[in-house]
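Please open the structure in the viewer and keep the sequence alongside. The stops below are best taken in order.

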Amino acid sequence: LVSENSVDDLNLRLRAKASPLQMEATRFRPNIILQRTPSLPPYAEDAIAGIMIGNQVFNVRHQFPAFH
């Protein structure tokens, strides 16, 4: 699970350090990518416990610490 807002924030941080790297959400191999939305702050997905897609609820497991 990764949000485009988090990836955008990461890219801002990379540019601030004059890094030529620019990441895309797919680089992190997520199963689900949350689209950009003003109501979702960067890294909000770190606290998400579940997601509803259609009528199905999916629990979110956080196995790795956030890298931000």
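Begin by selecting Leu34 together with its contacts beyond four places in sequence: Leu1, Val2, Ser3, Glu4, Leu40, Glu45, Ile48 and Ile51. The coordinates belong to a predicted model.

Next, colour by secondary structure; Leu34 lies in strand β2, which covers residues 33–34. Is Leu34 buried or exposed? Its relative accessible area is 19%, and since buried means under 20%, Leu34 counts as buried.

Keep Leu34 selected and add Asp9, then draw a distance between the two C-alpha atoms. The separation is 14 Å in space, for a pair 25 residues apart in sequence.

Move now to Asn11, which is placed in helix α1, residues 4–16. Among the contacts of Leu34 listed above, Glu4 also falls within the residue range of this helix. Asn11 has a relative accessibility of 7% and is therefore buried. Which residues does Asn11 contact, once neighbours within four places in sequence are set aside? Select Gln22 and Met23 to display them.

For the last stop, select residues 50–53 and 56–59, which form strands β3 and β4. The two strands run antiparallel and are joined by four bridges. Ile51, a contact of Leu34, lies within the range of β3. At the end of β3, highlight Ile53, whose bridge partner in β4 is Gln56. Two residues lie between the strands of this hairpin, and Gly54 adopts a positive phi near 65° there.

How values were computed
Residues are numbered from 1 along each chain as its sequence is written. This is a predicted model: local features need pLDDT of at least 70, side-chain atom pairs count only at pLDDT 80 or more; totals for chains, interfaces and linings use all residues. Side-chain values use heavy atoms; hydrogens and water are left out. Buried means under 20% relative accessible area, exposed over 50%, partly exposed in between (1.4 Å probe, protein chains only). Contact means heavy atoms within 4.5 Å. Two strands pair if DSSP finds at least two bridges between them.
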